[in-house]
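Open the model in your viewer and keep the selection tool at hand. The stops below follow one another, each with something to select and a note on what is there.

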Amino acid sequence: MENRIDRRRFVRLSLAGGVGLSVVGAAPLFGAESTKNMSDTFKIGGDLTVNRLGFGAMRITGDGIWGWPKDREGALKVLKRAVELGVNLIDTADAYGPETSELLIAEALHPYPKGLVIATKGGLTRPGPGNWVPDGRPEYLKQCVDKSLKRLKLERIDLYQLHRIDSKVPAEDSLGALKEMRDAGKIRHVGLSEVGPAEIERARKIVPIATIQNRYNVDDRKWDNALKYCEKEGLGFMPWAPVGGGRSKMSSAVETVAKELNASVYQVAIAWLLQKSPVMLPIPGTSSVKHVEENVAAGKLRLTEAQMKALEG
């Protein structure tokens, strides 16, 4: 999953600290219509080149990540605008909606432009709004892959991630199912979510792993060890919840840097991630075109050494 922050709450916090989130306030950042110069690129699995700042498609669904969005046309516009701006990595999951995020992506973007990488996930079920229950049974995961292929109108999924390791099912069984689907040509690369180095090592004995998607932001660095492992092994690290939520020990430092750069605190949080590591692939999510544009602009920010040090805490 990607960004879980409530945008309205974030705006309130930002304004309280004297930092605006308006596009006007960040106008100097909106030059090019592409992410090309702002984030550099990364090769997922060694062969899929993507701009490092992607888009997380969880928030284009309804409230509680459930059902269709209130503004369906608006959701389609968000997806189209992200691609127009040069984003070529979109992260989704069958659990987002459920199903609606994948369906909206196909509706907005199919036939897909060359080079667009759509990453999706399986292994979490949705009994109801706000409920997320792991299901790592091999037969279920194979079914998930086939259904995602159909919804996304793809013959092969470039990056398929195990949304969570199910404690009730041996990881070898779950990953073995994804290996079968990979061997059958239905998956190009496999990724994991919310795992540490030991779990990654265990998984790599079963199937090659290309990316890791863990919660990570300037306030929450629980998975520093996983990030370092990814750097050492050349795996992509996709942080979800890229700015966290609420006020914290880092709020003051982020607000200070934001004022120095005439940017929003949200933009600074994304820029920090991009400069933190060359394997970092942030996937901030939103249901607003304005915020997509703001996110892309964040990739053009360049933090000084002193600013990075201040944000490291």
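Select Asp-91 and Ala-119: the two are bridge partners, with Ala-119 lying in strand E5. This is a predicted model.

Now widen the selection to strand E4, residues 89-91, together with E5. The two strands pair in the parallel sense, over three bridges. Add helix H4, residues 100-109, and you have a β-α-β unit made of E4, H4 and E5, and the unit is right-handed.

Next, bring in strand E8, residues 157-162. E5 and E8 run parallel and are joined by four bridges. To find one place where they meet, pick Lys-121, which stands opposite Gln-161 in E8.

Stay with E5, residues 117-122, and show the surroundings. Six of its six residues are buried, so the strand is largely enclosed by the rest of the structure. In a regular strand, side chains alternate between the two faces of the sheet. Which residues of E5 lie on each side? Val-117, Ala-119 and Lys-121 are on one side, while Ile-118, Thr-120 and Gly-122 are on the other, and all are buried.

Leave the strands and select Ile-44, Ile-212, Phe-237 and Leu-311. These belong to the largest nonpolar core, which has 60 residues, and they touch the most other members. Centre on Phe-237: leaving aside neighbours within four places in sequence, its contacts include Ile-212, Trp-223, Leu-227, Cys-230 and Met-280. Apart from this core lies another, of 22 residues; for a last selection, take Ile-60, Leu-85, Ile-105 and Val-292, which are among them.

Notes
Residues numbered from 1 in each chain as written. Predicted model: local features only at pLDDT ≥ 70, side-chain atom pairs only at ≥ 80, totals over all residues. Heavy atoms only, no water. Core = buried A, V, L, I, M, F, W, Y, C linked by side-chain atoms within 4.5 Å. Buried < 20%, exposed > 50% of the residue type's maximum accessible area, 1.4 Å probe, protein only. Contact = heavy atoms within 4.5 Å. Pairing = 2+ DSSP bridges. Right-handed = clockwise from strand over helix to strand, strands pointing away.
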